[in-house]
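Me: I'd like to go through this one and ask where the labels come from. Mind setting the values against the cut-offs as we go?

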Amino acid sequence: MKSALSVWWDDTVAGELRLNEHGDISFVYNAGWLADSARPALSVSLPKRAESFGRRECRPFFSGLLPEESVLENVARALGISKGNDFALLRALGGDVAGALTLWPAEGTPLKYDGKAETRPLSDAALVKLLDTLPKQPFLAGQDGLRLSLAGAQTKLPVVLVEGRIALPVPGQPTTHILKPPIKRFAATTENEAFAMRLAADLGLNVAPAEARVTKDRPYLLVTRYDRTAGADGQVRRLHQEDFCQALGILPERKYAAEGGPTFRTGFELLRSAATRPAIEVLRLLDAAIFNLIVGNADAHGKNFSLLYGKDGATLAPLYDLMCTVAYPELSAKSAMKIGGAATVKDLTPRTWQKFAEETKLGAAFVRRRVKELTDASKAKAAGTAKTIAKSVLDKGELSLFAKIVQDRADSIGASI
C-alpha cells in the first residue's frame, strides 16, 4: 500500500480508501465497524464484508463524492492534480462532502469543530468577489483550511450561515447550506431553479428548502442541506446519503440512462429493496418523475436522486437540482430518464403511461390519476409561484416565461393520459 485515507463516519473510522503502488484504489472496512451490527454499510453497493473492494467496486461510490465535468476540470487545475486522480482529489477535498463521511490522511484525525471558533459572515463586497471567483476556482480549492466537495456539474459552494448571513466554514465545521451562483451561459438560472424548487414545494412534494437572494444586484440561490441536522444543543450533525448512481455501483460519468445509468425501473427497484418504508418512498419517486416532466427538467439523471439515512431509516432524499432546462434551446429536451419509453412530451400517449406503470409496478389507473392531480395543480399554482419568486430576484420576465412553459407542458401531459 502506497497511501491511505481514513473514512470517518462521525467520530469513528468506518474503513480505509487505499492507493497502491500501481495507482489503483481499494476500500476495506475497519474490523471494529464490521463487528458492530449497529454500524451500517457505507453504500448499498458496498455491503459490509471483511474482503476489500477493488477499484471497479468502490470507485462509483467514492468518485461520486467529487464534482463532475468542467467543475472537476477547474478544481483539478486549481489544485495541480489530474482530474482522473480520485484519490488525490479526495485527499484535497474530502473534509466536508455529501453525507456523513469525511476523508482524512490515515495518519491523522479529523479536525473537530468545538463551536467556539469564530465564523465571520462575508461582507457584501466579499460575497460578490466570491461569486466571481467560484466559476474559476470551484469550492475555493487550494484555499487554506477549506476541504469541501459536492457532486454535480454546476458551480456551487458549501457554506454556513451566521445570523442569516453567508460565511465560510472554519476547519472541521459541518456546512449547512449550498451557495449556487448563476450559470453565466444561460439566462436567469437562479430564478429558474428557485421557481422549480418552490413550485415543487407548493405542490406538496418533499424538496430541499431553497431561497433566491440578491446582493449588490447579483442573484444567487441558497439551498438548505438536507444531509445536516441540528441537535437540541445546537450542534450540527452530518446525515448519511448516497445518490442512485452510488447505490447502484454506477460511475458518475455514466449517470445518464442512455449511457447505462439508472432508469426509473432500476430506481423504483432500488427503493423497494433499500428503503425502510418502500411504499411511501415509491410514491414520492413517482411524484418526482411526473413533476420533472411537468417542469421541463430534462436533466434529471441518476445523480439527482438520493437515499437519505436518518432517524426514519432509509428514505428518498428531498428533491434537489430542479430546473426548467427546456427553457434553453441549447440543451437537449430529451429526458435523461425516459417515462414509459417517451423522451419528450410530444412522445406521450396513453400507452406510455400504461408502460410506465408496468415498469414501476404501480397501478395504471393510480398513475394516471396522480398525473392529472399534479398537472392540474401545476397549472393552478405556476403563476403564483413565479410572482412569489419575483419579489426576491431580478428577472421577472423570465419567471413569467418559466410559468408559461409549465402551464403549456401540463396541458400537453394532461391530454396524454
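Me: How do the residues of the lining of the largest cavity divide into nonpolar, polar and charged?

Reply: There are eight nonpolar, three polar and one charged. The classes are fixed by residue type: Ala, Val, Leu, Ile, Met, Phe, Trp, Tyr, Cys and Pro are nonpolar, Asp, Glu, Lys and Arg are charged, and the others, Gly among them, are polar. Among the lining residues are Phe 264, Leu 293, Asn 297, Asp 299, Ser 335 and Met 337. Bear in mind that this is a predicted model, where local features need pLDDT of at least 70 and side-chain atom pairs pLDDT 80 or more, while totals for chains, interfaces and linings use all residues. Numbering runs from 1 along each chain as its sequence is written, and side-chain values use heavy atoms, with hydrogens and water left out.

Me: What makes a space a cavity here?

Reply: A 1.4 Å probe must fit at a set of points, on a 1 Å grid over the protein atoms alone, but be unable to get out; lining residues have an atom within 4 Å of a point. Two cavities of 30 Å³ or more come out of that rule. The largest holds about 100 Å³, where volume is the space filled by probe spheres set on the points, with points joined across faces, edges and corners.

Me: Which helix gives the most to the lining of the largest cavity?

Reply: That's α9, residues 278–295, with three residues. Helices here are DSSP runs of H or I, at least four residues long, and strands are E runs of at least two, numbered from the N terminus. The chain has twelve helices and 14 strands.

Me: What about the second largest cavity?

Reply: Its space is about 30 Å³. The lining includes Asn 304, Phe 305, Leu 319 and Tyr 320, and by class the second largest cavity has five nonpolar, three polar and no charged residues.

Me: Why is the pair Arg 49 and Glu 57 called a salt bridge?

Reply: The rule wants a side-chain nitrogen of Lys or Arg within 4 Å of a carboxyl oxygen of Asp or Glu. For Arg 49 and Glu 57, the closest N and O atoms are 3.2 Å apart, so the pair qualifies. The rule gives 29 salt bridges.

Me: How do you know whether Glu 253 and Arg 59 are buried or exposed?

Reply: Buried is under 20% relative accessible area, exposed is over 50%, and partly exposed is in between (1.4 Å probe, protein chains only). Glu 253 has 46%, so it is partly exposed, whereas Arg 59 has 14%, so it is buried. Their side chains also meet in a salt bridge, 2.9 Å from N to O. That pair links distant parts of the chain, 194 residues apart, with Arg 59 in helix α2 and Glu 253 in the loop between α7 and α8.

Me: Which residues are linked in a network of salt bridges?

Reply: Asp 96, Arg 225, Asp 227, Arg 228 and Arg 238. Within it, Arg 228 and Asp 96 have their closest N and O atoms 3.3 Å apart. Both Arg 228 and Asp 96 are buried.

Me: Why does the radius of gyration agree with a compact globule?

Reply: The rule is 2.2 Å times the number of residues to the power 0.38, taken over C-alpha atoms. With 417 residues that puts a compact globule near 22 Å, and the chain has 21 Å, so the two agree. As for burial, 53% of the residues count as buried.

Definitions and conventions
On a 1 Å grid over the protein atoms alone, a cavity is a set of points where a 1.4 Å probe fits but cannot get out, and a pocket is an open set with protein on both sides within 12 Å along at least five of seven lines; lining residues have an atom within 4 Å of a point.
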